[in-house]
Amino acid sequence: MAEVLVLVEHAEGNVKSVTSELLTAARSLGEPSAVVVGAPGTTEKLTDALKAAGAAKIYAAESDTAEQYLVTPQVAVLSSLIESASPAAVLLASVAEGKEIAGRLAADTGFGVLWDVVGIKEGGVGVHSIFGGAYTVEASAGDTPIIALRPGAVEAAPEAGAGEVVSVDVPEIPENSTKIVSRQPAQKSARPELTEAKVVVAGGRGVGSKDNFSIVEDLADALGGAVGASRAAVDSGFYEGQFQVGQTGKTVAPQLYIALGISGAIQHRAGMQTSKTIVAINKDEEAPIFEIADLGIVGDLFKVTPQLTDAVKARKG
């Protein structure tokens, strides 16, 4: 059975949930092989989690320079492994960095690439959800496709793998590569990371102001979820850009997505339409968000949302 290379998403010694989803998806194409690119000692911290998630093999590409450059080390390692292992496919997370790696890898190897895939079928066929979820289409990218899978689109189904660790070299990085000269730790939050969260509560222009966004945060905290925002809300200064959901923001696919005061323009829907359950609260009964909502409430979010938050707290209490 041919190998399927899966680029591991990790942070602070932990495997991100999208990696388990990628390893699950990889099983439909061949034998999942996790690829870890990082500083010396990184793979050891991740091995048990990768085994549990289903990695039959774990390629450890470690060097002092691996984390000093943007995307170039990952591209170089994957390109080298493609040449030596002849995989059936390469899977990455469809996030900003993953898309860039996929594009550069395709340019480097000449293989086809599929972005923002929400499902993978036998033969390396990618499933896409397009036009705000109105259509589902399938696409193929040749014999050795490079596939970027949308986080949350595939439900992880852990299946213990052998997890054989194989050390591989990180190729020499060209001098003209983009180098990281300093790092500033991201602000920590008690809430889950937006693209990893099982529950996302997002606010739009209808929230009205930055101060009013507390109503979104309160519901998110009651549900143990993350906070998101539409582009309109971000552009209006209601919330920070790092929490923007949509075509020009982050793509999410949680178990539950609650949209508060979001009209549901196609740009926003492109970033959340594959959520498992969508709940929308909006006073405009003609809002496009209701077209994809599993449950829609036509009403004043400032009256409905506090009641919902109180009900959740009472249920948990």
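Asp116 is partly exposed, with a relative accessible area of 21%. Keep that in mind for the exercises below, and remember that you're working with a predicted model.

**Exercise 1: Two odd backbone angles**

Work out where Asp116 sits and what its phi looks like, then do the same for Val71.

Solution.
- Start with location: Asp116 belongs to strand β7, residues 113–117.
- Now the backbone: Asp116 isn't a glycine, yet its phi is positive, at about 55 degrees.
- Over to Val71, which is found in the loop between β5 and α3 (72–85).
- Val71 also has a positive phi of about 55 degrees, and it is not a glycine either.
- Last, the cover: the relative accessibility of Val71 is 4%, so Val71 counts as buried. Asp116, at 21%, falls in the partly exposed class, because buried means under 20%.

**Exercise 2: A strand with neighbours on two sides**

Find out which strands pair with β5, and decide whether β5 is largely enclosed or not.

Solution.
- Take β4 (residues 31–38) to begin with: 6 bridges join it to β5, and the two run parallel. For a concrete contact, look at Val36, whose bridge partner in β5 is Ala60.
- Next comes β12 (residues 164–168), joined to β5 by 5 bridges, again parallel. Here Ile58 has Val165 as its bridge partner.
- Check the connection too: β4, helix α2 (residues 42–53) and β5 build a right-handed β-α-β unit.
- Then count the cover. In β5 (residues 57–62), 5 of the 6 residues are buried, so the strand is largely enclosed by the rest of the structure.

**Exercise 3: The same drill for β16**

Say which strands pair with β16 and in what sense, and how many of its residues are buried.

Solution.
- β15 pairs with β16 in the parallel sense over 5 bridges; Leu260 finds its bridge partner in Ile281 of β16.
- β17 (residues 295–298) pairs with β16 over 4 bridges, also parallel. In that pairing, Asn282 is matched with Val298.
- As for cover, 5 of the 6 residues of β16 (residues 277–282) are buried, so β16 is largely enclosed by the rest of the structure.

**Exercise 4: Chasing salt bridges**

How many salt bridges does the structure hold, and which parts of the chain does the Glu3–Lys57 pair link?

Solution.
- The total is 10 salt bridges.
- Glu3 and Lys57 meet through their side chains, 3.3 Å from N to O.
- That pair links distant parts of the chain: Glu3 is in strand β1 (residues 3–7), Lys57 in strand β5, and they are 54 residues apart.
- Are the partners buried or exposed? Glu3 has 12% relative accessibility, so it counts as buried. Lys57, at 18%, counts as buried as well.
- Now try Lys121 and Glu138, whose closest N and O atoms are 2.4 Å apart. Lys121 is in strand β8 (residues 119–121) and Glu138 in strand β10, so the bridge ties together parts 17 residues apart in sequence. Lys121 itself is partly exposed, with a relative accessible area of 41%.
- Glu193 and Lys250 form another salt bridge, with 3.3 Å between the closest N and O atoms. Glu193 lies in the loop between β12 and β13 and Lys250 in the loop between α6 and β15, so this pair ties together parts 57 residues apart in sequence. Glu193 is partly exposed at 34%, and Lys250 is partly exposed at 29%.
- Finally, there's a network of salt bridges, which links Arg191, Glu217 and Asp221.

**Exercise 5: Rings inside, a patch outside**

Classify the Phe213–Tyr239 ring pair, then list the members of the nonpolar surface patch.

Solution.
- The structure has 2 aromatic pairs. The ring centres of Phe213 and Tyr239 are 4.6 Å apart and the planes make 20 degrees, so the pair is stacked; the cut-off for stacking is under 30 degrees.
- Both Phe213 and Tyr239 are buried.
- Phe243 joins in: ring pairs link Phe213, Tyr239 and Phe243 into a cluster.
- On the surface, Phe131, Tyr135, Val137 and Ile266 form a nonpolar patch with about 410 Å² of accessible area together. Tyr135 is in strand β10 (residues 135–139), and its 52% relative accessibility is why it counts as exposed.

Key. Residues numbered from 1 in each chain as written. Predicted model: local features only at pLDDT ≥ 70, side-chain atom pairs only at ≥ 80, totals over all residues. Heavy atoms only, no water. Phe/Tyr/Trp six-rings, centres within 6.5 Å; stacked < 30°, edge-to-face > 60°. Buried < 20%, exposed > 50% of the residue type's maximum accessible area, 1.4 Å probe, protein only. Patch = residues over 30% accessible without salt bridge, like charges linked within 9 Å, V, L, I, M, F, W, Y side chains within 5 Å. Areas by Shrake-Rupley, 256 points an atom, 1.4 Å probe, with all protein chains shown as cover. Salt bridge = Lys/Arg side-chain N within 4 Å of Asp/Glu carboxyl O. Pairing = 2+ DSSP bridges. Right-handed = clockwise from strand over helix to strand, strands pointing away.
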